[in-house]
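Biologist: Could you take me through one part of this model in detail? I'd like the place where the two chains meet, with the cut-offs spelled out.

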Amino acid sequence: MEVWEMESGTGEWTNTCNVNFEARKREIKQFADVDAGMTFLLRPAGWLKYREVVVFRVWCTKNCFAYNIVTHEIDFFEMDTNSSSHKFEPYTKSLVWMNISQSPPPARHRSRDGSLIAATVDPHLNTGSTPMAKTEGNSSGRNRPYYFRGCKGKKSSTNIDSLSDELVFDILLNLPAEDICENAVLVCRRWSHMIRTHDFVNEHILHHSIPGLLILDYNREKKKNPSIFVAMRQGRIEISEFNYKMRGNILACCNGLILEFYISKHALVITNPATKQHFDVPRFGHPNCSSMAYSAVSMKYKVVLTYHHGGDVSTLRCVIATVGVDKSWRDVCLQHLSFEAKNYLYMNPITTGGFLHWTRRHTHTSVVTLNVETETITQYPVPQGQDYDRRYKYYLSTGKSLSLFISNGSFSMEVWEMKSDSGEWSEMCTIDLESRKNEFDKLRCGKSPTLFYLAPASWLKYPEVVVLRVSHPSCVCIAYNITTDEIDFLNLGSNCNNYEFELHTKTLAWLN
Amino acid sequence: MAAETGTPTTLTLKSNDDELFSVAESAAILSVTIRNMVEDGCAGGVIPLDNVDGKTLASVITYMNGISAIPADEEKKKSYRDKFLSDKDFETLADMVLAANYLNMSCLMDAVSAKIAQVMEKKSVGWVRRKFGIENDYTPEEEAAVKEEHKWTFEGVETDDDN
């Protein structure tokens, strides 16, 4: 065969050399042990040393050989399985790594004159050694490739333990966080080590990134109603009791971590109910409201507090601390905010990914957004329209962005979404259940004198399923699928208006 | 590789226990491993699959034919996968994950991994060890220490019997 090479910069091709082993065909055929009925084909698999040594595989057999173009030497070797099921990649052992994450993945640096790695796609072999061929330095006139035989593939059909780490990793990623913490870590040391890596924790968060809904009774002191967890799985809505007993008020939920205020200790604590870990937050006087967000770039969680003295705007402060790093609090600059916007900071903010948003439902013209990455606060205008200031408005977190519901009537509303980094609003859809209002009649309370209407409580799966509640006292709330127009009624066991709704994901997120 | 257009090409796959299977090339190339072999120019010959037994290969081929008959509609493909895996027992799933990995079929691989995890959910540690053939390599003290670390509730775990 002819060998051509392309200059990557110019796309220019040149014929660099020719490979011809017609003369040694018999020798190769004898070694390759090709069945009489099979085609005898040679396929180049990779350069072992560019312009000198190239590795060929004999099609559909286990056999390969390294051919030295200059000296015409041939070295034969055998893979454990069909050589076509292996992938040959140039690979150099190097120290390169990307220092973005705390646990750098083994870096791969490819180079043309590197070694050739035969990455087998066979799981049995993968657990052992991957055969690696390498040419020795040019001191010893002869370029004899070294090759290692991987351990022979075991033929045990049901023993999953023989699966490679990658396969076990992929399977365990699918398990809910509680199963991992309560069972999988106890199975064996290998599983436990795998689960406790940053890689696994981060992949698990990505894999389970659609938040569920944590529904909490406002009157938790009386401890009457258990907390409820609602999640969409396989297209169905699952309601379960939330096992963790809250010690105090829940202030924010972020990536599976919950920021709580322990009334008895008068302290802020971050909890992961799935891994059962607690983490203390540095103390700060008597904050008026507290929240938490995740900065994805630095992979850190930050707690944000606002504080004012007796409602006096001139004493207003917004402070921030990185969890697990900072011992003290930093001030966020608030000088550029309008008087009205500063007043928003008295309220509890809404968390969306790496942003916190302060709003006021009525008398509003803007949203105040804190980017926890840059620790800068910006005031963005909200959609304006005819009589918008007289309509009901509800701000809800989608998990990743801020959404705004503007009521059009008792059973219909417009849905808007804001881009957190630019403050740009776009209208997403309109929910119109006016024609189906009879279906909600059973939730109507005859004695209640107030107007009967729907109000959004939370997203259950953005942008498809939203949970609505009715203005009258009712144990039942409504899960409405915007895409399919389906309605599900969820019985929460107690008046929905006594519950607060928080987006929550069950994850393995940890802080140390 | 000069595949004639018009008539669909059929491939012959050979399992490690020497069973032969015919399958349409268009379905078989869902497997990247097979696709590579086809691109290597073996559309006419027998493709030996050293790591898949006949029973598993038959199952995988059923899946290949089923899923490739569905036009590009992710929802329908997903429901086919769910249905396909719904009646498989744990041992079959274990064989399938090995086969899907060897054949480099990511869609089947992900679905089977998720299904195995679903079966494992709420099962006791003993069940998982037994089903996976894993030896407990913790000392009793270590095991107690790990349990201690995650102690709040051990509620909701199913009793320790098979299924």
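Modeller: Here is a walk across the interface, followed by the charged pairs on one side of it.

This is a predicted model, where local features need pLDDT of at least 70 and side-chain atom pairs count only at pLDDT 80 or more, while totals for chains, interfaces and linings use all residues. Residues are numbered from 1 along each chain as its sequence is written, chains are lettered from A and ligands numbered from 1 in the order in which they are written, and side-chain values use heavy atoms, with hydrogens and water left out.

Let's start with the contact itself. Chain B puts 55 residues in contact with 53 residues of chain A (contact being heavy atoms within 4.5 Å). Between them the chains bury about 4,700 Å², and 59% of that is on carbon and sulfur atoms; buried area here is the accessible area, with a 1.4 Å probe, that two parts lose on being put together, summed over both.

Now the polar side of things. Nine residue pairs are in polar contact between chain B and chain A, both residues at pLDDT 80 or more. A polar contact is a pair of N or O atoms within 3.5 Å; within protein, one must be able to donate a hydrogen and the other to accept it, and residues adjacent in sequence count only if both atoms are side-chain atoms. The rule also finds two salt bridges across the interface (a side-chain nitrogen of Lys or Arg within 4 Å of a carboxyl oxygen of Asp or Glu). In one of these, Glu121(B) pairs with Arg233(A), with the closest N and O atoms 2.8 Å apart.

As for which elements of chain B touch chain A, those supplying at least two residues each include H4 (74–86), H5 (90–102) and H6 (106–120). H5(B) gives the most, with eight residues. Helices are DSSP runs of H or I with at least four residues, numbered from the N terminus.

H6(B) has 15 residues, and at 1.5 Å a residue these should span 21 Å (1.5 Å times one less than the number of residues); its end C-alpha atoms are 21 Å apart, which agrees. Its buried residues include Leu108(B), Val112(B) and Ile116(B), buried meaning under 20% relative accessible area and exposed over 50%, with a 1.4 Å probe and protein chains only. Just after H6(B), Lys122(B) takes a positive phi of about 65 degrees.

Finally, two salt bridges within chain B. Glu74(B) meets Arg81(B) at 3.0 Å, N to O; Glu74(B) is exposed at 55%, whereas Arg81(B) is buried at 12%. Arg129(B) and Glu143(B) pair at 3.5 Å, and both are buried.
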